[in-house]
Structure formats: structure tokens, C-alpha cells
Amino acid sequence: MIYDIKVNSMKNPLGIDDKNPRFSWKMKSDKRGTMQSAYQIIVSSDENFGQIIWDCGKIKSDKSIGIVYKGSPLKPKTRYYLKINLWDEENNLSSDDTAWFETGLMGTDSSVWNGAKWIGCPKKTTNASALDTYLLSADFKVEVSNKAGFVVAARNKDNYVLFEIDMDKRLLASYEYCDNAWDGSYESGNVPTVKALGNSKGYVIPENAVAYGREYAEHNFTLKVDGRAVTVLINGIKIIDNEKDFMPENKPNQPRKSYLMHIGFKQENSRAVYDNLTIANTFTGDIYQQDDFSDDAGAMSILGDVTDGKLIVENRFELACPVPSVNVKKDFSVEKKIRSARLYASARGFYNAYINGKKVGENFFDPGFTDYRLRIQYQTFDVTDMLCQGQNVIGATVGKGYYCGYVGYSGALIYGKQTSFIAQLTITYEDGATDTIVTDKSWKFTDKGPVADSDYLDGETYDARLDFDDWKKDFPSNCGEMPWPDAPKPTNREFEEKVPFELSAQIGPAAKVERTIAPICISENPKGHYIYDFGQNMVGTIRLAVKGERGASIKIRYGEMIYKNGEIYIKNLRTAANTDVYTLKGDPNGETFIPSYTSHGFRYVEITGNGFVLENPDIIVNIEGLVLCNIESVTGDFKCSNELVNKLQKNIKWGQRGNYLLVPTDCPQRNERMGWTGDAQVFAGTAAYNMDVAAFTEKWLQDLKDAQLMYNMDGAVPDTAPLGGDNRSDGCAGWADAAVIVPCLLYTS
């Protein structure tokens, strides 16, 4: 009996670029000791094997792994069918299993994309939230209670810096609001404390900044931050003059406090009007983000209400990421009966694609983690059943991911500055005709979507009030077209040879839900902080069902341990904020949140209010842990008479599940999560024994080759692959050994 037929170590792969794929299979028989003596591989372009494109003939061999295709050139976007005939040692024929594989675009440059363009925000943006040197400027006018409150460096409503202007008292005050969970000061009950920054009595606003009688006129507020030094101007007059050590310090065990992160306007029992909001480079003047609130396309207009080209904030405190997710869509019509449809898609950033309001596929974190300067993977999806006759809509949301979000210790913006999306949808009709829909500037754009922030290390912020539902909502702007990436020179050496950028088919399985886990108990400590214990340290995300009032906002944090008093322990996460925030839309039937742009290492999940104590836990209907992994099947196990050894083996498998996500990492929870070569080579043999890691490791070895190219043209092996910046100036033994040891162990395992 023939079973487990694979192509490039995958079952029935959809969308491969390999011109000479490799075939493998397994054989079993009721007769003990039966062995393969010969094989025959037949590949056809039709299911009934009427059009044979390769028949290798009967080959006398017991080989069943890595048989290379040597037939006619494979065509792009084509499904091929595979049949294996086997003979045993008594020349008995077995032929009772078939498989298929489907080619992708079969090319790595723009020529195979049918004119599809990289598209995204029509404005020039960057991940401004990652800046620690910036200028923030806005016009403001106070109307009620004579106050205006500017918020920066905010992770959530419990952690931020507030600059509050009081026109009645003619004072500018500044405060840090800090959740004590980040510094271990639990004596006050894990709730925010307030600390005055700079002059505790506030800074006097002189008459030449705001003349008496003009308190209700329009003024300008400008904040300049250079690391921890701050300058504040009102109407061009300095109120705070380059004061050092003003912004909160970035401590090793705390998230990045002096970075811009989220911004906002806080109006408690007050009303102010804002206009001409700008975030720019303090020194060069380059504009990172700008919003004059003249239309609904403004990236930061979700704060308050926009009326007559002004932002009005009254008795509200809302935060926004300076560069939220990119959302693009295209409406199109289908008039004929569909035979098949394929979506080929990728992004600079992590993306989710949607057709007619439903997510395409079950993947997480597409297009995966590579050195995006050299290579980005694209995915192929069978979307035949997602289309309908008549009007259809295709869309995508692109988060920062590793492309411009934080990567390891190296900070953000390692690979690029502006997220974008590329796709082609190919529809084949029953009559043989085809239509192709590609991304271009005719697609519609908005960044007023529900995914307000999407950093893989810091967490996801989701505002369900801005849900697209079926994606038929109008988007106000046309997309901007982005240039095709041009790979840079390696980091350590300059050379004349041009390095091509490749947009290539995904190798190996994508990250998916491997299993779900329910919590085993719940506790409350401190008051209003609900701790869910899943009984198992895992890596992934959650599925959270909630029901409550519109605008209610909850904060979700993840930890591997708890303190003796039951409070969640997160100091080991270091600068990874690892916090999700969800704002309810108020659906009376309830709503579900699955953070899909971030992953967490955790056993415990803490849920509380975002900016308030969650006094009523009934808002939480249900919670499940979703284990995410790039490995699809367990292939080996070990058991013995010693239960401690058996427990060790179980823990090893859980460690592999958690660290074989995107790339083979050394730790999946804190601010690291890189493909460390030393860790990969030490564990490679055990990994191959426990699970089917062939395709996953093959992909990572391509990352390793790319990293060698970017790191040093002489082939030196860096500490991490993909190359992310966390490396020694030269390669070293132990880590560099991965280039030899990992392929060898993969071959012999």
C-alpha cells in the first residue's frame, strides 16, 4: 500500500515555484518485511491521467525520498496529478494512491504578476510609533473648562505621558501615568500611578505666548522629543526648553516608554478643538504623518468627532496609533459560472485577505518572516467557493509585522518603513475564459479600520467600532502605488554586484492553529484584574468572546508565571509590551476577538479594563487559548518507565511547538523571537525526530543563505537568520556551525 505521498515534503501543496519538485512516499503491507524493489512516477495535467507529461518508467530502486521531477517544463498556475506505482521484492505491483500539486506564478520578479503593483497608503508614512526623536504639532482651541490635553508615549490608557494646558491658570503641566505591573510595585494594587515630569508645579505660559483675552482663540502646540529631552512651544514660544531626562526612561524590564507609540487627546470634563496634526522628524523636517481633518481619509481622525474640518474632543480619552493598519479593497463583478479561482497575495507587513467579508484561508502572520530586503514569500489560496455570481469585493488589512515593527533587540524599521499589499486574483470560468484582477491605484484605501495597532512583539489594538463587517463599506481614497523593492547591499561589505529582490512562493507550511486549550481556573488579583490559568505554557493567541456596551475597552496581558499573591508576572518579557487592547462595538449578540497580528508566550492571561477597573466580569463570555505553530504533524515519540523522563519529553515537544513559529526561535515570548543559528543547530536532530520539520527547515535554510549574503559576501554565517541586526561583527563557532550541521541532520534524520 502506498501512502503519505508528498511533493517538496508537503501533502498536495498549492502554489509552488520549484521547476523540478521532489517526490516522496511511504509503503506498508500486511506482509511483514515487505520492501520496495522498484517504483514508477507518473505526472499528468489532468485528473484522469490522459495527458502524461512525465513517466519515469520502472526504476529498480528502494529509494522513496527526494525523487526529482525530470519531465516537461511545468507551466505556471497549473494543477498536476501524481501517481506512484510500486513493486515489492516479489515483483507485486501496488498502485492505490494518488496526489496532486499546483504550481504558482513560477517566477520571482514583477514580470509574472500581470501588472500587479504594491499598493498602500497614498501618503508617505512610516512607523512613527517607533520613533524616540520626533516633533508633534497641532493647532488647538479650548472651549469648555479651558483645558487641552496632549498624550504621547502611550501603550494603553494606563500607561502614557500627558501634557495638559490649563488656560485659566496659564500653566502647562506634564505627567507620567504608569501601570505598576511593569516595575513590580504591587503594593499599590497593580493600578496606574501618576508622576509629575519636570517642574511638579507646572510651567508658566507667558503673556507673549498667549495674550490675555485670547484664551479661546486658536493656538499651536509643538512638542519636540529627542530621546529623553523635551522642548514644548506654544505659539512658537518655548515653555519647556530642552529639559534632559524628561521623558520616562527605557528600562530593561519595561516597554519602550520614551518612544512615541500611541498618541491621543485627553479631555476630562472639557472640550477642545484640534486641527493640523503633524508628526515629523525633529531635525530634517520630514513629515511622517499629517492630518488636517479635511476628509475621512485622515489617518488619525478616529479620535473624537470630525466636524467642518476640525477634530472635536469632548469629555473623552481615546488613543490612536500614528500609523494604523493599511486597508485596501476592490469591488468587481462576476457574470459567468466559475470553474476555479486562485488568489496570489503578499505584503510588506503581516496581512489578512478577505473576500465578500470572509477571511481567506486559516493562516496567521502571512507572508511569514524572511529578510524582506532580499525575499518576500507570496501565498496561493483556492478561493473558488468564496466568490459568487454578481457583485464581489476583495480586500486586505496589512499590519506592521516584522517588516516595520519591532524585531528582536534591534528596534523597529529594520526592513522597511511603509507597509503595502500585492495580489492577483485569477478566475477561470467553465467556458475556459479567464479574468485577472490585480492590485493597482484603482483600489480603495482607508486607515480608519479596526486594527489600530499591530506590532508582533508589543501586541494588537483592535477597535471593533470600526469593523468593516462585509467589507462593502466605502473607502474614501484611492491607493498609492509603491515601488517594487530593490534589495540593498550587504550590511558589512560594499560590492558592485546587484542583488535581486525575489517575491517567491511560500516554502513549507504557514502558521496555523494547532490546538485549542480551555482555562482550568480563574482568579481575581488585584481587584478588577481577572487571571485565567490555562494549565499549560503555550505560544499563540486567544479567542475571546465578550458582550458589553459600545466603547467599553478591555486590556489583555499575557504571562508565563504569576507572583505568590496570584498577580501576573511579566518582567521577563523585557521590552515586549505583549498587551492586546479590544474596544467593543456593543453588539447585543456578543462579539469575538482573535488577535491575529501578534503572538504571545503564556500560561496566564489577565483581563482588566483599559483605563478603568473591570468591576463586572460578565463582559467576558468565554476565552480559549489558540496554540499556533508552523509544524503540521508529530512523527515521533518516546516513552519509558520513568515518569519524570516522560514529562521531560512532553515538555520538549511543547517547547518545539512554541519555538517553531515563523522561524526556529530560541524563545517565543520576550523581545527576541529571532532565528538564532546556535539554538537551531543544537536542537535540529531532536526536532526532526519529534515532528515533520523538513519543509519548515528547508525554508529556514533559505533564510540562512540569504543572511549569509546580507551579512558578508564571503559567506560568514551570522547569529540570526533572517538577518535582523542582533549579530556579532563576525561569525563565530557554535552559531555558524548551523550552516553545516542543520542540513546534515535534516539529511540523516
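Eight cavities of 30 Å³ or more turn up in this structure, which is a predicted model. The largest of these cavities holds about 160 Å³ of space. Its lining is made of 16 residues, and Arg155, His262, Asp453, Asp458 and Ala577 are the ones closest to the centre. As for where the lining comes from, strands β13 (147-156), β36 (451-455) and β37 (459-463) each chip in at least two residues. Sorted by class, the lining of the largest cavity counts six charged, six polar and four nonpolar residues.

Now for the rings. A pair of aromatic rings is described by how far apart the centres are and by the angle of the planes. The structure has 45 aromatic pairs. Take Phe468 and Phe475: their planes meet at 50°, which is not over 60 and not under 30 degrees, so the pair counts as tilted, with the centres 5.0 Å apart. Phe468 and Phe475 are both buried.

Tyr558 and Phe602 pair up edge-to-face, at 5.2 Å centre to centre and with 65° between the planes. This pair ties together distant parts of the chain: Tyr558 belongs to strand β44 (residues 553-559) and Phe602 to strand β49 (residues 600-609), 44 residues apart. Tyr558 is buried, and so is Phe602.

There's also a cluster joined up by ring pairs, with Phe350, Phe364, Phe365, Phe369, Tyr372, Tyr402, Tyr403, Tyr415 and Tyr456 in it.

Finally, here are charged ends that sit over Trp rings:

| Charged residue | Ring | Distance from ring centre |
|---|---|---|
| Lys58 | Trp87 | 4.5 Å |
| Arg657 | Trp654 | 4.6 Å |

Notes:
Residues are numbered from 1 along each chain as its sequence is written. This is a predicted model: local features need pLDDT of at least 70, side-chain atom pairs count only at pLDDT 80 or more; totals for chains, interfaces and linings use all residues. Side-chain values use heavy atoms; hydrogens and water are left out. Rings of Phe, Tyr and Trp (its six-membered ring) pair if their centres lie within 6.5 Å; planes under 30 degrees apart count as stacked, over 60 as edge-to-face and the rest as tilted. Buried means under 20% relative accessible area, exposed over 50%, partly exposed in between (1.4 Å probe, protein chains only). Helices (H or I, at least four residues) and strands (E, at least two) are DSSP runs, numbered from the N terminus. A charge sits over a ring if NZ of Lys or CZ of Arg is within 6 Å of the ring centre and within 35 degrees of the ring normal. On a 1 Å grid over the protein atoms alone, a cavity is a set of points where a 1.4 Å probe fits but cannot get out, and a pocket is an open set with protein on both sides within 12 Å along at least five of seven lines; lining residues have an atom within 4 Å of a point. Grid points are joined across faces, edges and corners, and a volume is the space filled by probe spheres set on the points. Ala, Val, Leu, Ile, Met, Phe, Trp, Tyr, Cys and Pro count as nonpolar, Asp, Glu, Lys and Arg as charged, and the others, Gly among them, as polar.
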